[in-house]
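Here are a few exercises to work through with the model open beside you. Try each task on your own before reading its solution.

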Amino acid sequence: MASLDTLKQALLDKATTATASSSPGRPLTDAEYSHGFEILASAHGWARYHASVTPHLSELLTPLFDSRLRISVLEIAPDPKTILGSLPFPLKRKITRYNALVPNGLLAASLQECFSTADSPGPLPCLERPPAISRIAFGEAPDFRTCTDSDGDATTTTTTTTVDSNKKFDLILLYNHGLYGPTPNPNPDRALLQRALELLVEPNGLLVVLHREGLSLDGLVARRTVVLPSDGVFRATAAEWRNVCRALGGSSRRKEDRALVFRAPGMVLASFTRQAATALGELTAKVPPLLRRTEKPPPVVKNAEARLRCPAAIVRPTETWQMQECVRWALRHGVGLTVVGGGHSGHCLWPHVVAVDMGGWQGALLVKLGDEGEGGEGGEEEGGSGLRAHAFAASTTGDLVRTAMRSKLAVPLGARPSVGAGSWLQGGIGHLARLHGLSCDAVVGVKVVSLASGEIRSVGSLPGACQSVETDAESPSDSDLLWALKGAGPNFGILTDVGFKTYPAPTYLIRKWLVPLGDGIEVRRRLRDVGKLVVLELPRNCSADVCLYCHGDRLRLGVTMLETSTDKRSVETTSTASASMSAILGPQTSCTTVDGVGVFDTEMYVSEMQHGGGKTSSFKRSLFLKHLGEVDNNIADVLVAAIEARPTPLCYLHLAQGGGAVGDVSADATAFGCRDWDFACTIAGVWPRSQERLEIAQTTVDWVYKVAEELLPLSSGAYSADLGPDPRDAALAARAFGSNLSRLARLKREADPRNVLRYACPLPKAPMEPKLIVLVTGESGAGKDYCADVWACILTKQGFKARAVSISEATKREYAAATGADVGRLLRDRAYKEQHRPSLAAFWESQVQQRPRLPEEHFLNVVYAATDVTVLFITGMRDEAPVTAFSHLVPDSRLLDVRVQISEGASRTSQTDGTSGPIGGDSKESSATPAPAVDSDYRPSLVFHNDTAGDDAPIAFANKHLLPFLDSDLQRLADMVRSIPDFPRPGIEFRHVLDIAQHPSGLSLCTHLLERHFFSGHCHDVDKVVCCEAGGFVFAAALAPSLGASLVLIREAGKLPPPTVSVDISPSHISAASAASGSRPRKRAIEMDRDAVPWDASVLVVDDVLATGRTLCAVLRLLGEAGVAAENVSVMVVAEFPVHHGRVLLRRSGFGGVSVQSLLVFGGA
Ligand SMILES: Cc1cc2nc3c(=O)[nH]c(=O)nc-3n(C[C@H](O)[C@H](O)[C@H](O)COP(=O)(O)OP(=O)(O)OC[C@H]3O[C@@H](n4cnc5c(N)ncnc54)[C@H](O)[C@@H]3O)c2cc1C
């Protein structure tokens, strides 16, 4: 197979020799050019290319499209079937203006034709005027404003138009496939990119560049970059090219399949805003750049993939304030960062992203216990040494092992000396793991730069100098952050220091067996025998490494058994397993005794495998396996088939033994959630470094992924340490943290709200929470669980994914663990539960005293564990005003509470007959927490009277009151509201709710929905619709006639004739934010006609937005001034922004009893 580069060069050569030997370097003619495109596009070429790029492009474009009602696009050098036509309809319908600059007349004609097809709406059906397609020469630093509408090529029939030079574009897509221009040099010129950036509409206009992997864009900083792996092969069938290409491409031997095949290169999709793209200078003025261009990555970057990537820059902070500046710079510009620790992963460098090299934080030392900070645990260390190891971020495993050994100590670390902090932050599997656990288990304290603010945070116990800073309520607690850093660290902060427990340094007795293998049957048998033996017979102080590799042209099984002892004399006598191993593998090949440093050189990879003398590059993925030794699974078969299909003789499979102390730690004690495995199996694809850019490197990577894919269903999880944003890692990442994934997703949102570390192992995205969360509350015995189950069932029948869960389960489990109570009976046996009720309640209260945020944690854990459902019913909540207390935690979901009430008589019936029907009793209802006091100053969203026998009443209730919240028209309305990032100042995502009124059908849809929701929540008429200028006027004026009510207008003081009543109002958060960026917020008063609302009128207040609640509080106070009682008032708003705690202010101001309904909820401002 050949690359596109070689194909292009060959075509140029042919064109040169065939037609103009006198003018070498002649650019391809339009015909040659288009022909090349056609061949690559033939068969499934475009379809496949569009299918692989479109999902990523859609994701990149969504924030921009959400912030605009209309989008104008300029495509530079698009393919003749513009990829924009493949976008999902909700995106492409916003494209109203389309311009293209095309390098070649024939391609321009094809593009024009694609828009002019008479019998179809074309790729962009909502264009307001015909597309403007112009031809431009790319070879000579083009100026977009001077391109002409004549292509000058007699063969084309294209009608072209000049790009309007005065116009700017919301979106510019620049394709740099490397096919343009007379030379194979594919780097887009910085001047061209600069010109494209200047044509963007400000703010937030987006330039998206699609180019081949490995290109530098000369220090431009991307907002986001997606690397699309090479997607297999293109098949070229044009007969006249065969001769040219035969020497270059691989050709199928099968007669019926005579085609030349070319591998498509890996692609990079990078998005830039004008402001962030050129912001590098601002950072490098403060933090020294190690390297601007990345032709030669620094030696610390050892990973082959990473070395091929061109970051915007690599900076090396040496002072703490410089570290902080890196994060603050990223936050200011909305860009991501990567971090270089030991440089062994593929994700420490990323195209067009600034990498922070931790080289300024070298060294490791031992500190005395008692020198830790306030969080220090004090007390004795495992080995009684009184010392802990303290490593700075650039220390390697070798540094730390050597430092600890100087005091005859050890830290459980990985097996290779050059591996860095990435290993400790993500697990750290080494020879001491069975005895002392993983590296992350030995971590006692960590110092990080917070990704939310750039502040330094110390969590756990570290020497006194590293004290924690105050954190705001939205940041994870210290215990949560330490929990997350122990296993998923690269997502949660930039680590500068870490403290480890130490253990007495052991001596290692290393025994090896090297067994040449015959056929597959023998390999399978041996693997199973060894797998069974080590799991059954090895004590904790022993661990085995098993390697399947090639020696010469023969397969070999290498087994290393490491036996540790802190008593040198006994080391050779402790294990009988070696005799058993010799019984199945024959005599051992070698036996040596080494210390913690010497053990590095005994690694099978280092000591036995042949590399032909040259340097190698590798690509690895690791999965956790159990039951290798058993015949009733086919793990051994997959391993054998994998090694037999190895693309290079250097590839190998490595099995590192687990069990022992690894499994002693419960899966939810740290973020490292995969604990139940016998072996960590590393699939190592290795190739000679001299072939870095050749096909074999890519084929080897494909092999690793293929084997990982086959093993994944047979595995008990994947190791996160090597995983990143490559789409092929997604399936592995989903299995990397066991049941901790949902908690991690929640903590990521808190710890890294702007996703600064966005290129680490992917966690599920935040907006995966359910759309509708219903808290089912009420007295004990009211039938909450029964109703929740019925509602979940009826909504499931209607086609929604719904589930009912009890929030008190976690408390019951913790209570059972602490007291020895039977958790099964606590969850299911009502009488047993009643018996424990008082002590359960006391247990909960003491827990909340120690961890005041525990109710929130439990709530979020339940929500994030249900990211697969659309509607979640939660029972067992005991908070007085749950929607007020929790809605800000799930700002993208609608949170409702339904109070289930039961009359005295009905309650007695249910209790006396002791069944769950006809009036549903609570079978699993919580008694973990005290029942809530009835709160006269809080009004639940809905009340259900559970007084009627059977399911009919709850079903009717769900249909009437719950289904309207799932109406697809609500989403249609939400889609009309633009979100504008960083307006009116950075960090605020502004939602322009009044867009609804500007949309052709917006106001009528909104009015219809307001009316419908009002009647589903109220059974009375409205006399007066009250509204406040300006947003309220728009929506209320449309609604009032349909409710048969008259309108009452509230205006700023001084605009209504007397007599009026008035109250002061403080500025909204948006006015305050504008003031922060310049103008002063005015304190103002609002007024209404004193006699406009009779005292006994039924009043509906309608407003556009509920955010901080200040305006609404002022309106309710004003109505009070006019003599209207709060119980006669209800409120409807078009959009609610729960993050601003508006309901909390209403309740504090005495309006908690007022019914407040909102049509839409948004997470932004
Ligand atoms: C030859 C080889 C041998 C290996 N042996 C073992 C082994 O025995 N046991 C084992 O468990 N694993 C092993 N691994 C896997 C190894 O743990 C991972 O590749 C790990 O990610 C490497 O960490 P690093 O710091 O060297 O690499 P890097 O690429 O520098 O970092 C890896 C990740 O951690 C992040 N990171 C690094 N430093 C910081 C920091 N200070 N703050 C925040 N994030 C940071 C990076 O951004 C990146 O996402 C091995 C890998 C190789 C290549």
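**Exercise 1.** Find the bridge partner of Val546 in strand 27, then place both strands in their sheet.

*Solution.* Step one: the partner of Val546 in strand 27 is Leu655. Helices (H or I, at least four residues) and strands (E, at least two) are DSSP runs, numbered from the N terminus. Please keep in mind that this is a predicted model, in which local features need pLDDT of at least 70, side-chain atom pairs count only at pLDDT 80 or more, and totals for chains, interfaces and linings use all residues. Residues are numbered from 1 along each chain as its sequence is written, and side-chain values use heavy atoms, with hydrogens and water left out.

Step two: strand 23 (residues 542–551) and strand 27 (residues 652–657) run antiparallel and are joined by four bridges. Two strands pair if DSSP finds at least two bridges between them.

Step three: the open sheet has seven strands in the order 25-22-24-23-27-28-26, with antiparallel pairing. Strand 25 (590–594) and strand 26 (616–625) each have a single partner strand, so one side of each lacks a neighbour in the sheet. From one strand to the next, the twist averages 20°. For such angles, axes are lines fitted to C-alpha atoms, for helices over the stretch in contact, and angles run from 0 to 180 degrees between N-to-C directions.

**Exercise 2.** Which residues have the most contacts inside the largest nonpolar core?

*Solution.* Step one: a nonpolar core is a set of buried (under 20% relative accessible area, 1.4 Å probe, protein chains only) Ala, Val, Leu, Ile, Met, Phe, Trp, Tyr and Cys residues joined through side-chain atoms within 4.5 Å.

Step two: the largest core has 119 residues, and Leu337, Phe492, Phe500, Leu557, Ile683 and Leu711 have the most contacts inside it. Helix 22 (residues 695–711) supplies the largest share of this core, eight residues.

Step three: leaving out residues up to four places away in sequence, Leu557 touches (heavy atoms within 4.5 Å) residues including Trp513, Val546 and Leu585.

**Exercise 3.** Which strands does helix 36 touch where it packs on the sheet?

*Solution.* Step one: the order of this open sheet of seven strands is 38-39-37-36-40-41-42, with mixed pairing.

Step two: strand 41 (residues 1129–1136) and strand 42 run parallel, joined by six bridges. Ser1130 has Ser1155 as its bridge partner in strand 42.

Step three: helix 36 (residues 1031–1043) touches strand 36 (1024–1028), strand 37 (1046–1052), strand 40 (1099–1106) and strand 41. The direction of helix 36 makes about 145° with that of strand 40.

Methods. Buried means under 20% relative accessible area, exposed over 50%, partly exposed in between (1.4 Å probe, protein chains only).
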